[in-house]
Each structure stands twice: as C-alpha cells, then as structure tokens.
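Trainee: I should be grateful for a close look at a single part of this structure, namely one of its pockets. Please describe it in a connected way, and then turn to some of the helices.

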Amino acid sequence: MTASLIITNAAILTMDPARPTAEAIAVSGNRIMRLGSHAEVMAEKGAATRVVDAGGGTVMPGFVEGHMHLFAGAAELSHLQLFGTRGFDELNARAQAYIRQNPGDDLIIGEQADYVIIGEHEPLSRHHLDRIVKDRPILVFSPDHHTAWANTVALERAGILQGRKLGPGNEIVMGPDGLAQGELREGEAIDPVRFLSKKGMRDRLGLVTGGEPDPYPSKAEFEADLETMRVGLRHAAAHGITFVQNMDGNLYTLELLEELHRRHELTARVKVPFHFKNFMDISMLEKASKMADRYVGDMLSSGFVKLFMDGVADSATAVMIDDYASRPGWKGEPLFEPARFAAIATEADRRGLQIAVHAIGDGAVRIVLDGYEAALKANGRRDSRHRVEHVEVIHPDDISRFSGLGVIASMQPPHPPGNHGLPLEPYLSNIGEARWQWAFAWKALREAGARLVFGTDWPVSDIDPLWSLQSAMTRGRWNDQMPDNRQSLHQAVHSYTADGAYAGFMEGRTGMLKEGMLADICVLPVDLAKTDASTFKGIRPRMTVCDGRVVFEG
C-alpha cells in the first residue's frame with residue numbers, strides 16, 4: 001500500500017511524547033501511515049501520491065475546538081458586526097451602512113457590542129438605538145451573548161417595554177420612567193425580541209430552547225439550514241479545525257450534520273450535546289440517551305448533556321460565593337438549585353452521559369463540582385470526563401477538586417479582559433480585585449493536575465485558533481500580585497489538540513500525529529516555534545486535512 005498524501009520539509013509537532021517531532025508525514029486513506037525523515041517517508045510514495053512541501057512550516061494535529069456554537073456562529077456571519085466599535089458615532093455609521101445594504105423591515109441583529117461601546121460611564125440604551133433607527137426593530141448583542149440591547153419599537157412589539165416577570169438570573173433592566181431601559185439580561189429577557197426575526201428562533205433552537213423545530217422545517221428550509229451549516233464548517237476548516245465540540249444542540253442539529261455526512265460534505269468531526277434547560281423535567285434525559293445511542297461514529301457523535309448554571313460577570317448574572325464588589329448584597333442567582341442540579345447530574349451520570357456545564361462565577365463552579373461529587377458517590381467512579389465550561393472565577397479551595405474528581409476545565413484564552421481586544425471594564429470592577437488572582441486561573445489549575453481544554457466559544461470570540469494561542473501565550477496581568485498565567489507553546493497547543501481529543505473521548509484516534517491514528521492535520525505557513533507569539537493572529541493554514549481528506553487549501 002502506498003501513501004495517498006505526503007507532507008514533507010515540515011516542522012512537525014506531533015503532540016506524541018514518544019516522538020515529539022518529525023520532518024515528514026505520510027497518509028494512506030484516513031490514517032497516518034508513516035512519520036519520520038524525508039527519506040523514510042518518501043519511501044511510501046507511489047505513482048498517485050500527492051506530495052506537499054511544507055516549506056519549513058509547522059505541521060500539527062488539526063485543532064480540536066473545545067467549545068463552540070457551529071450553526072449559530074455561521075448564521076451570525078451575516079449580521080451587523082460591531083467588534084471593536086467605540087462611541088456612538090462609529091456605532092451609528094456601522095449600523096447605517098448595514099441597514100443600507102440590508103433594507104426591509106425584519107429585525108436587525110448586531111453582534112459583538114462591548115458593554116462599554118458608548119463609554120465606560122454611559123451604558124447603551126434604547127434611546128441610543130432609537131437615534132439610529134426608530135421604525136425598524138434592532139437587537140444588539142454583547143460579545144458573550146448574555147446581554148442584548150433593543151430599541152423602543154423592538155421592545156414594544158415584543159411586549160416587554162413595560163417589563164415582565166422573569167425567572168432567576170434573567171432581567172429586563174427598567175429605567176426611572178418605569179419603562180424598559182433597553183438592556184436585556186439572559187435568554188428569557190432577550191428571546192421575545194429575537195422572535196421578531198422572520199427566521200424566528202430556528203438558528204438557535206439547540207441553544208435557546210433545547211427543543212426541536214415545530215413545525216419541522218420544509219424541504220426548502222432544511223436545505224437553507226444545510227447551507228448555513230456548510231458555511232460554519234467551511235469557516236472551521238479554513239482555520240485548521242478538524243474536531244468541533246459543539247456546546248448547543250438537539251436532534252435537528254444532528255440530522256443536518258448527518259445529511260451532510262451522507263453527502264460526503266462533513267469536513268470536521270462534530271460532537272453534539274442534548275441541551276438540558278432548567279424548565280425541563282429530569283425525564284428529558286431519556287432523549288439525551290437516545291441521541292447518544294443513535295450517534296456514535298468517529299465523524300458525528302453525541303453522548304453528552306450541556307447545561308447553564310449561571311450567566312456572566314459583566315452583567316453580574318454569574319453566580320459568586322461572595323457579593324459582587326460593584327453590587328453589595330448581590331451574588332447572582334443559579335439557574336439550577338444545587339440539590340436539583342445534583343439530582344440531574346447523578347441521573348445523567350448513571351446513564352453514562354458526559355456532562356458539560358457553563359459556570360462562570362466561583363459560586364456556580366462550586367455548585368457544579370458538588371453535583372459531580374454527588375454523582376460519583378451515588379454511582380461510583382467511572383471514566384465520566386465531566387466538564388466545567390469557562391471556569392472564569394474559581395475559589396482556591398475548589399482548584400484541587402478538578403483533578404480529584406477527574407473533571408475537565410474547558411477554558412477560552414480569548415476571554416480574559418484585556419486579551420483579544422476586550423475591555424477591562426466592567427469585568428474587573430464587578431468581580432473585585434480580591435478575586436483577580438483566581439480569575440482564568442490556568443496556571444493554578446495546571447499545577448493542581450487539572451486537564452485544560454482550549455477553545456474560543458465562537459461566535460462569542462473569533463474562531464481563529466492561532467489568535468487564541470497568541471492570547472494564551474501573551475496574556476498580561478491586571479496587577480503585580482497576579483500569577484503569570486502565560487502558557488508555553490507546547491501547553492497551548494496540547495490543550496487545543498491532545499487534551500481536546502481526550503475531552504471528546506477520541507484520544508488514541510486523533511489529537512496527535514502518530515502512526516495508525518486518524519489523519520487530522522493542520523499545515524501552517526510558518527514554524528510556530530520560531531515565530532513571535534504576538535504575531536500569531538491572522539496566520540491562516542495552508543491546508544487542513546480531516547479523516548485523510550483535504551478539506552481546505554489556502
């Protein structure tokens with residue numbers, strides 16, 4: 001048998017401790033056939049073998065994106081993009097340009113508006129948005145997607161201008177005039193405006209409702225949704241991503257991906273959860289089990305449950321152990337009471353399901369760890385690989401519990417304030433200086449033996465894993481007392497490859513470049529080890545290979 005693909009003249013980072021580097025790699029079918037010197041690997045060349053000269057660039061395992069929202073991210077690429085916008089004039093100019101290009105009466109949706117987009121001391125409100133557009137609804141999301149702002153006509157049409165009673169952790173911020181100020185915190189507050197879109201909530205069904213489309217999409221709608229999914233997959237492939245761990249999902253999401261797989265158009269491995277919402281009965285875990293049983297392949301799988309425990313620190317909806325520094329008397333409200341979460345975790349664990357929970361504040365992280373500990377005591381220890389997503393603030397007493405319980409810390413290098421173009425406020429003032437050293441505590445978690453998995457939370461942050469590596473390797477400190485959380489190149493890449501594969505129960509098959517393993521490969525135009533990490537942003541792969549197939553060439 002000869003090689004179908006050979007990549008040579010490369011600085012290969014294998015992530016295999018038994019053989020960390022090589023010069024060339026050969027692929028046969030969907031497997032890695034040979035690693036070694038140019039001469040050793042070229043011995044596998046046949047008449048039909050494609051040979052690629054890497055020009056001394058890094059060749060590494062394909063990126064494992066540990067936390068992203070594939071369908072929603074793809075859908076948002078066509079929205080009003082506001083990343084980096086500062087001040088009303090720039091906001092207005094960008095919005096007006098978008099409106100001219102997208103006329104009509106449908107809901108205008110903006111993305112990536114910083115909490116301080118108008119200014120640190122002037123929050124965005126409906127009045128600002130009314131000055132931009134009065135007769136057409138507009139909804140502008142913060143980067144974390146946990147807060148949005150709407151204009152007056154959007155609030156009126158959604159029936160929330162006078163406010164509405166909401167569940168824990170959700171808020172329609174009211175003004176002194178007794179009317180909604182325009183700021184909407186968390187899904188129950190935001191969704192009524194989102195429903196004004198002619199597409200409704202189909203773009204976000206797996207994320208927002210946890211349910212299925214009702215009625216089921218027509219053939220034309222299904223094909224349109226397939227195209228949205230293709231857009232997301234192409235975007236991922238163009239950034240070297242070969243394994244997506246999606247953090248929202250339902251059966252419809254899996255059916256879309258299954259159809260693309262049937263058409264030979266699935267260009268990344270995708271793992272999709274059942275999204276368990278706090279209004280659901282525990283019996284809904286039976287659906288998660290059915291999804292897990294139905295989807296078990298190397299390219300498309302389920303097998304885990306995603307939950308949200310809290311919101312975010314910027315809007316003070318994350319759950320803290322002690323009061324917010326900026327809001328005495330307020331700790332945030334969990335979306336699941338601790339005892340109820342422990343019962344859900346125990347039942348999901350009993351069913352053999354992996355669990356992944358969004359937990360930002362140290363209080364939320366503790367509730368999740370307590371729930372996992374309750375599951376372990378009830379069901380016994382197993383290879384569960386339960387996860388905590390984000391772990392933005394952690395109490396020092398809980399750091400060692402990750403390794404003790406075998407829990408994965410799924411974290412995002414783009415998220416620390418001051419990184420990745422994010423402002424420092426209101427995050428730092430909200431959590432307070434006493435908690436800064438325990439925020440995004442990569443170093444402390446690693447030293448305590450926790451396994452860190454990296455991702456971007458796209459579309460919350462830019463999908464670019466090279467920019468994410470840059471942020472991991474160059475992160476600054478907020479004061480002199482903070483530990484240096486900068487990661488080495490090997491640590492950052494390992495968290496984006498081998499550790500991600502482990503989190504997806506795919507170690508031994510992907511996440512490393514090793515003979516016999518699945519051929520998931522990213523070819524870069526530069527040698528990362530010889531490149532200043534502060535310049536990683538914008539480096540694009542020359543080639544992405546997934547399951548032995550070239551899925552992107554730049």
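Mentor: The model is a predicted one. The second largest pocket has 19 lining residues, and those nearest its centre are Tyr115, Arg185, Asp314, Pro426 and Asn430. Two elements, β14 (180-185) and α14 (427-431), each contribute two or more residues to that lining. The volume of this pocket is about 390 Å³. Sorted by class, its lining comprises seven charged, seven nonpolar and five polar residues.

Beyond the pocket, two helices deserve attention. Helix α6 spans residues 187-194 and includes Val193. The relative accessibility of Val193 is 0%, so this residue counts as buried. Setting aside neighbours within four places in sequence, Val193 is in contact with Leu107, Leu139, Ala150, Ala154, Ala158, Ile160 and Leu184. Glu156 stands 37 residues from Val193 in sequence, while the C-alpha atoms of Val193 and Glu156 are 9.2 Å apart in space.

The other helix is α11, which covers residues 338-350 and holds Thr346. Thr346 has a relative accessible area of 18%, and because buried means under 20%, Thr346 is classed as buried. With neighbours within four places in sequence again left aside, the contacts of Thr346 are Ala374, Ala375, Ala378 and Asn379.

In summary, Val193 in helix α6 and Thr346 in helix α11 are both buried, at 0% and 18% respectively, whereas the pocket described at the outset draws on β14 and α14 for two or more lining residues each.

Technical notes:
Residues numbered from 1 in each chain as written. Predicted model: local features only at pLDDT ≥ 70, side-chain atom pairs only at ≥ 80, totals over all residues. Heavy atoms only, no water. 1 Å grid on protein atoms, 1.4 Å probe; cavity = no way out; pocket = protein on both sides within 12 Å on 5 of 7 lines; lining within 4 Å. Points joined across faces, edges and corners; volume = space filled by probe spheres on them. Helix = DSSP H or I, 4+ residues; strand = E, 2+ residues; numbered from the N terminus. Nonpolar A, V, L, I, M, F, W, Y, C, P; charged D, E, K, R; others polar. Buried < 20%, exposed > 50% of the residue type's maximum accessible area, 1.4 Å probe, protein only. Contact = heavy atoms within 4.5 Å.
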